[in-house]
Amino acid sequence: RFCSKACQSAAWAEHKAFCRVKADVVPRDAAAQDSAVQTAELAIQAMVLERLGFRRDGRVSGKRLLSDRELWNVVTRGRSGLAPFLFGRNSFHHCMLPVLHALTQEAKWPLMMSCRRQGHLTELPTLELCAALVTRILCTAQRVKAQGHKHLCFLGIGSGDALVEAAVALHLGAVLGVPVNLHDTPPLRMAWGSDFEIRVVATESSSDQDLLQNRTSEAP
């Protein structure tokens with residue numbers, strides 16, 4: 001039981017998923033607050049999709065062509081810079097899927113993902129995945145900012161070559177309209193407005209044995 005309506009209002013955000021009482025006992029101020037948060041988060045989602053090029057008719061504007069030969073060469077030859085290479089050409093349906101079909105026909109998929117010596121890939125971050133993660137980061141940042149905090153840290157743990165983290169950082173920078181240099185000293189810092197900062201950090205084990213076991217010791 002809650003000790004008071006004030007207590008219920010304060011706890012409602014976390015309690016509502018487990019609440020079994022009738023809806024009419026839900027604090028009105030808490031319900032209104034939830035509605036306002038949802039509206040704000042929908043606005044953030046719309047902003048992310050628009051700035052990353054998603055259009056209502058299913059098109060993705062600003063995308064660049066990706067060839068199966070280009071992707072194969074970048075991945076198999078161990079070249080660094082895979083995240084910037086994919087940026088702008090990683091829409092799943094428009095860019096990645098045709099390439100995967102071509103690689104499959106040549107028996108190069110999924111072989112391509114495990115041919116790097118001590119540095120195999122486990123994923124190719126698509127535009128859709130990055131848009132979802134950027135939306136969640138900004139929604140969380142908005143809540144943190146509303147609580148009076150000045151920064152949010154997006155932390156990747158056991159990141160390997162940090163491909164996903166790098167891709168997310170590039171897409172987040174595109175949404176916020178700030179340049180991102182992946183070679184800057186960590187953490188990467190991106191301003192959101194004049195009084196809030198989003199930081200991106202990728203970490204990996206300091207154990208050489210772990211890196212060898214995870215096949216990331218020589219990942220670019």
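**Exercise 1.** In this predicted model, which residues of the largest nonpolar core touch the most other members?

*Solution.* Start with the size of the core: 25 residues. Next, look for the members that touch the most others. They are Val-48, Leu-138, Leu-172, Trp-192 and Ile-198.

Now ask which elements build this core. Five of them each supply at least two residues: helices α2 (28-51), α6 (127-146) and α7 (163-176), and strands β2 (188-191) and β3 (197-202). The top contributor is α6, with eight residues.

**Exercise 2.** List what Leu-172 touches, leaving out residues up to four places away in sequence.

*Solution.* Take the contacts in sequence order. Val-134, Ile-137 and Leu-138 come up, followed by Met-190 and Ile-198. Two of these names are familiar: Leu-138 and Ile-198 also appear among the residues that touch the most other core members.

**Exercise 3.** Find how many residues the second, separate core has, and name some of them.

*Solution.* This core has 19 residues. Among them are Met-112, Met-113, Leu-124 and Leu-163.

**Exercise 4.** Work out how β3 pairs with β1 and with β2, parallel or antiparallel.

*Solution.* Step one: take β1, residues 151-156. β1 runs parallel to β3, and six bridges link the pair. For example, His-151 has Glu-197 as its bridge partner in β3.

Step two: take β2. β2 and β3 are antiparallel, joined by four bridges. Here Leu-188 is bridged to Val-200 of β3.

Step three: check the connection between β2 and β3. The two strands form a hairpin, with five residues between them. In the turn, Gly-193 has a positive phi of about 75°.

Technical notes:
Residues numbered from 1 in each chain as written. Predicted model: local features only at pLDDT ≥ 70, side-chain atom pairs only at ≥ 80, totals over all residues. Heavy atoms only, no water. Core = buried A, V, L, I, M, F, W, Y, C linked by side-chain atoms within 4.5 Å. Buried < 20%, exposed > 50% of the residue type's maximum accessible area, 1.4 Å probe, protein only. Contact = heavy atoms within 4.5 Å. Pairing = 2+ DSSP bridges.
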